Amino acid sequence: MMNVTVIAVGKLKEGYLRDGCKEYIKRLGAYAKVNVIEINEEKCSDNPSDSEIKNVIKKRGKG
C-alpha cells in the first residue's frame, strides 16, 4: 500500500471544507495510507522584502 503525506499550511476554517477533506481522505484510504500534517501559517506583508522572506523561512525551519 502506498503512503501519502499531505503537508498543509494553515487550517481550514469552513466546516464544509473540513468535512469534504475528511470524506476524500476516507475514500483514499482504500488505496493508500494518508497522513495529514498541518503547520501554522507565518504572516508576512503583501510585498515582502528579501530579509522578511528569509526571516519567515528561518522561523518555519525551527517549527
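The following exercises, each with a worked solution, concern a predicted model of a protein chain.

**Exercise 1.** Determine how many helices and strands the protein chain has, and in what order the elements run.

*Solution.* Begin by counting the elements, which gives 2 helices and 2 strands in the protein chain. Then follow the protein chain from the N terminus on, and the order of the elements reads β-α-β-α.

**Exercise 2.** Work out in which sense β1 and β2 pair, and describe how the chain crosses from β1 to β2.

*Solution.* First look at the pairing, where β1 and β2 run in the parallel sense and are joined over 8 bridges. As an example of a bridge, take N3, whose partner in β2 is K33. Next trace the path of the chain, which leaves β1, passes through helix α1 (residues 15-28) and arrives at β2, making a β-α-β crossover that is right-handed.

**Exercise 3.** Decide whether strand β1 is largely in the open or not, and find which residues form a nonpolar patch on the surface.

*Solution.* Recall that a residue counts as buried under 20% relative accessible area. Of the 8 residues of strand β1 (residues 2-9), the number that are buried is 0, so strand β1 lies largely in the open. The nonpolar patch on the surface is formed by V6, I25 and V36, which together have about 190 Å² of accessible area. Of these, V36 has its place in strand β2 (residues 32-39), and V36 is partly exposed because its relative accessible area is 38%.

**Exercise 4.** Compare the radius of gyration of the protein chain with that of a compact globule of 63 residues.

*Solution.* Set the two values side by side: the compact globule would have a radius of gyration near 11 Å, whereas the protein chain has 16 Å. Then add the extent of the C-alpha trace, which spans about 45 × 25 × 15 Å along its principal axes.

Notes: Residues numbered from 1 in each chain as written. Predicted model: local features only at pLDDT ≥ 70, side-chain atom pairs only at ≥ 80, totals over all residues. Heavy atoms only, no water. Patch = residues over 30% accessible without salt bridge, like charges linked within 9 Å, V, L, I, M, F, W, Y side chains within 5 Å. Areas by Shrake-Rupley, 256 points an atom, 1.4 Å probe, with all protein chains shown as cover. Salt bridge = Lys/Arg side-chain N within 4 Å of Asp/Glu carboxyl O. Helix = DSSP H or I, 4+ residues; strand = E, 2+ residues; numbered from the N terminus. Buried < 20%, exposed > 50% of the residue type's maximum accessible area, 1.4 Å probe, protein only. Pairing = 2+ DSSP bridges. Right-handed = clockwise from strand over helix to strand, strands pointing away. Rg over C-alpha atoms; globule rule 2.2 N^0.38 Å.
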